[in-house]
Amino acid sequence: MPMALESKEGLVKTGSFHGVKRFEVGLDYLPPPDFLEYALPDTHVALVCNEGTDLTKSVIAALKLAGNNVVVLNLPNVKNPVVEQAVNLTAATDEAIGAAIESIHQKFGKLGSLIHLHPHFEFQNGNFTQHFSAEKEIVKILFFLAKHVQKDLNELGETQRANFLTVTRMDGRLGQGKRGDTSIIGGGITGLVKCLNLEWSPVFCRALDIQPELPVQQIAHQVIAELHDANVAVVEVAVSEEGRKTTVARPTEVQENQAIETTITPDSVFLVSGGARGVTASCVVEMARTFHCKFILLGRSAADFVVPAFAKNEDDEGALKRLIMNDLKERGEKPSLPLVKKTYSDITAKKEIDDTVSKIRIHGSEVIYLQGDVTKLTSFKIALDQATAQLGKVTGIIHGAGRLADKYIQDKTENDFENVLSVKLDGLLSLLGAANLNDLDHLVLFSSVAGFYGNVGQTDYAIANEILSKAAHLFKTNHPKTQVSAINWGAWDSGMVSGELKAQFETAGISLVNSEGGAAMLVNELSTEYASQPQVIIGGTLPSAVSHLGDLQTHRIRRKLSLEINPFLKHHAIQGNPVLPIVNAVGWMAQSCESLYPDYTVLKIEDAKLFKGILFDGNQKEDYLLELKELDKTHEQIVFATNIMSEGGKLPMNHYRAKVTLVNKKSVPPAPHFNHQISHSYQPTDGAVLYQDGSLFHGEYFQGIEQILDCSEHQMVMSCKATALPLAAQGQFPVLSINTYIADMQYQAMVVWVQKNRDGANSLPLQTDSAILYRPLPFGKKLLVTLKVREANDVKMVADFTIYDEEGTVYMETSGATVTISNQLVW
């Protein structure tokens, strides 16, 4: 049981986390997008939402240059409305938006792309609500545009590319840029897009946030680049002077049952919305047990409701409802279903509130419950003033109130949108208005992974929670002394998760937040160690997107290669010239297949051949075309014929070719086990010296052979461990499912074997018959590599490989790796 430590002031002990995980939120490097070739059919248009500046004109021009038929939607009261090929939206209502889309249908055709350009709002003099209403109205317009373009985009997406792209200009860092004057209501748009990405599997969905100071021509160019990105696995992108990035959740190790330092004292007073019931109540009780601080709980349920005597000892829903009906009959009232439901709700709410208050007091904390509407400060301000006169000034806020209206976007109503957003957003404003911000030591906002990852049916809820997360970053920037935390909670095993939904999560392999563990993690999050982390994920993920399969297609994807974008190439140079390793080329082909179908993963690569390597000697081409031809496609696997070529001559030049098989991530076969046999005729030697004495030409990023354990005419066994290289150094060849940097050590092994067994000759790769990937090859872990010689002569060597860990679990099997052997090869 957590308890205060009396030995040191400011230290308390956390409880058990019961397996609940913690993730830090940040941004990671993204390479420039590859360019997927496609064009909208003549029957479809690209719709652009006019934000009233020169950016709209630049984006229109860029879209037309790319071959699009562009229609403009002028939002209500927009500055500089477009006249040519445009439709004016008369009001920010569901009905008016539906009428505008119908007008576009009649005048111009169906929609193939929607590009929403969101205005950039900055507030003055710390008035962060200055543009609240205006910006919320634009977000609402986008929400109902999504509702009314759903049919067009999904129908087109069945056969070819259809797009839903949003462009905000908060800071180019998705709200994490520590700007103190940027309105963040538009930051909720990312939540909408991430949910649509799950609801609309045939449609390419992307949320783009660009630094507002970048030139409009550059922003317009980036919009086109994002529209043609082949990688559907990336949903939100940030672009700034620092480059292109995306949000990531990084797991962090957290020790349970440990002492943490905190600024909370028994005199701290927390104002808590939604704190008397459900998930928030569990957290507050744990805080009382740990900190013994004071609480003012705010809820909608009546404080003066009296639980009938017949209900005090009955908690079973069916039995309690029967007792309610009997009571109504005895009092001469008709037991209608709505009345029974309301009475049952009043009873259970009051019992839960009383239980929460009782538990808080048992742990030595003072608590007052207030009835009020968190969205309206006037509904509880007088009672709050009375409570603070008794307990002391508010030093902490926990905003735990929330409301759901789960439906697909096409079924959403204006009431759904307003009600769901109001509890989170107006509620936050009310709570902040109820306290002196200069006295605020803690601000805790209960957000959700529904915003961070997206969730089917929760578009409005995701918008609200993403705004809360952005608000946390903004508040921390402007109030650095306040410890701020937007907790993106995973789904709890209690609260608003139904039994049916729990079963769905379990089927998807998603762990729910244990009630005791989640509450203990909340306490842990109040540690001063996390004072500079305004956003965190606690709990599991949510179901990921399901790929749309459709008919067999051929995808043509263009990439510009340069040394500047790919620093790792300088670590793979022969005779002074960087060379693209064949494993990276194969990884390029295979992971590009994967990026088209994110719920599939690479299992097998066959017939990988090198025709003309890519040598960076100053004369190399910059533009390359990757062709991915689908040969077979089922719910279990997708098979591609892949080819990298360059154009410019009379005929395209082939560089690399392979056959790639993806399997559904739920169908990856179990990894086999392997144990090597040592010949005992070889004395183990240091592997690191191979990179120093000229045996291997590989630079730091490709090094990892630690020891050669065995080497004979028939085999070689090595132990390896590779250090992770920065994402920016990986450039356009990031490690996803395939770690090409570790896989390259197979060919390094062949070089070493040839040198030891063929009088110092060297070798270069030609082809590989097949490679099977059971698990991703991890950086920083000791792995063993066994080479089995299949064939070897003076000009050629063929070998098989197994990569496995010290427990014998196989990560990768390679068959028929072939190299050419020559005494003339010099590094």
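Trainee: How many disulfides does the count come to in this predicted model?
Mentor: A disulfide needs a pair of cysteine sulfur atoms within 2.5 Å, and the sulfur of Cys-283 is 12 Å from the closest cysteine sulfur, that of Cys-293, which is too far for a bond. For Cys-711 the closest cysteine sulfur belongs to Cys-720 and is 13 Å away, again too far for a bond. By this rule the count of disulfides comes to zero.

Trainee: Does Cys-711 count as buried or exposed, and what is its relative accessibility?
Mentor: Buried means under 20% relative accessible area, and on that cut-off Cys-283, at 1%, counts as buried. Cys-711 likewise counts as buried, with a relative accessibility of 11%.

Trainee: Which helix gives the most to the largest nonpolar core?
Mentor: The largest nonpolar core has 192 residues, and those with the most contacts inside it are Phe-164, Trp-200 and Leu-580. The helix that gives the most to this core, with twelve residues spread over the run 132-157, is α3.

Trainee: Which residues does a second, separate core include?
Mentor: This second core is separate and has 39 residues. Those it includes are Val-254, Val-444, Phe-446 and Leu-526.

Trainee: How are helices α1 and α5 oriented to each other?
Mentor: The axes of α1 (residues 54-65) and α5 (residues 216-227) come within 9 Å and cross at roughly 45°, and α1 passes α5 in a right-handed crossing. Among the residues that meet there are Leu-55 and Val-59 in α1 and Ile-219 and Val-223 in α5. Given that crossing angle, the two helices are therefore oblique.

Technical notes
Residues numbered from 1 in each chain as written. Predicted model: local features only at pLDDT ≥ 70, side-chain atom pairs only at ≥ 80, totals over all residues. Heavy atoms only, no water. Buried < 20%, exposed > 50% of the residue type's maximum accessible area, 1.4 Å probe, protein only. Core = buried A, V, L, I, M, F, W, Y, C linked by side-chain atoms within 4.5 Å. Helix = DSSP H or I, 4+ residues; strand = E, 2+ residues; numbered from the N terminus. Axes fitted to C-alpha atoms, helices over the stretch in contact; angles between N-to-C directions. Parallel < 35°, antiparallel > 145°, perpendicular 65-115°, else oblique. Left-handed = near helix turned anticlockwise from the far one by under 90°. Contact = heavy atoms within 4.5 Å.
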